[in-house]
Amino acid sequence: GMVERTVCIVIFNITRPEDDSILVQLGTHTNGNVTVSVQQPGGKRKQGETVAECADRISTGRCPFLNENFVHEQMSTALQQASSRSHGVGTLYRKSILHG
């Protein structure tokens, strides 16, 4: 049989009402190295962590600008299948998308 891993992630879908612009992260900075990666802010849920706990961890940790300014109005879910670049196996991404 085929091996498939499942990853649960939380994504912040933040739009500006005036022109429907979307907030995106342009990359990451690790040990002096910058990696370009255009994506919406978010992150992986830890084992046993709820969506709310993950969102709180992200908004008080690496995205502190979200802590006071983001109020999510609704949540949607999406599934995406892809091949993991780092693990080399099929991956099912279970996305919880917080809209605000």
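This passage describes a four-stranded sheet, two threonines and the largest pocket of a predicted model. Local features rest on residues with pLDDT of at least 70, side-chain atom pairs count only at pLDDT 80 or more, and totals for chains, interfaces and linings use all residues of this predicted model. Residues are numbered from 1 along each chain as its sequence is written, and side-chain values use heavy atoms, with hydrogens and water left out.

The sheet is open, and its four strands follow the order β6-β1-β8-β7 with mixed pairing. Strands here are DSSP runs of E with at least two residues, numbered from the N terminus, and two of them pair if DSSP finds at least two bridges between them. Because β6 (42-44) and β7 (74-83) stand at the edges with a single partner strand each, one side of each is left without a neighbour in the sheet. On average, neighbouring strands are turned by 20 degrees against each other, direction ignored; the axes are lines fitted to C-alpha atoms. Strands β1 (residues 4-13) and β8 (residues 90-99) run parallel and are joined by ten bridges. Glycine 90 of β8 is the bridge partner of glutamate 4.

Threonine 91 also belongs to strand β8. With a relative accessible area of 0%, threonine 91 is buried (under 20% relative accessible area; exposed is over 50% and partly exposed in between, with a 1.4 Å probe and protein chains only). Its side chain makes a polar contact (N or O atoms within 3.5 Å, one able to donate a hydrogen and the other to accept it; residues adjacent in sequence count only if both atoms are side-chain atoms) with the side chain of arginine 5, at 3.2 Å. A polar atom of the threonine 91 side chain also lies 3.3 Å from the backbone oxygen of valine 89. Leaving aside residues up to four places away in sequence, threonine 91 touches Glu4, Arg5, Val7, Gln80, Gln81, Ala82 and Ser84, where contact means heavy atoms within 4.5 Å.

Threonine 77, in strand β7, counts as exposed at 61% relative accessibility. Its C-alpha atom is separated by 9.8 Å from that of isoleucine 11, 66 residues apart along the chain.

Turning to the pocket, the largest has a volume of about 860 Å³. Of its 26 lining residues, Ile9, Gln39, Lys44, Arg85 and Tyr93 are the closest to the centre. A pocket is an open set of points on a 1 Å grid, where a 1.4 Å probe fits, with protein on both sides within 12 Å along at least five of seven lines; lining residues have an atom within 4 Å of a point. The volume is the space filled by probe spheres set on the points. The largest share of the lining, five residues, comes from β1.

How values were computed. Axes are lines fitted to C-alpha atoms, for helices over the stretch in contact, and angles run from 0 to 180 degrees between N-to-C directions.
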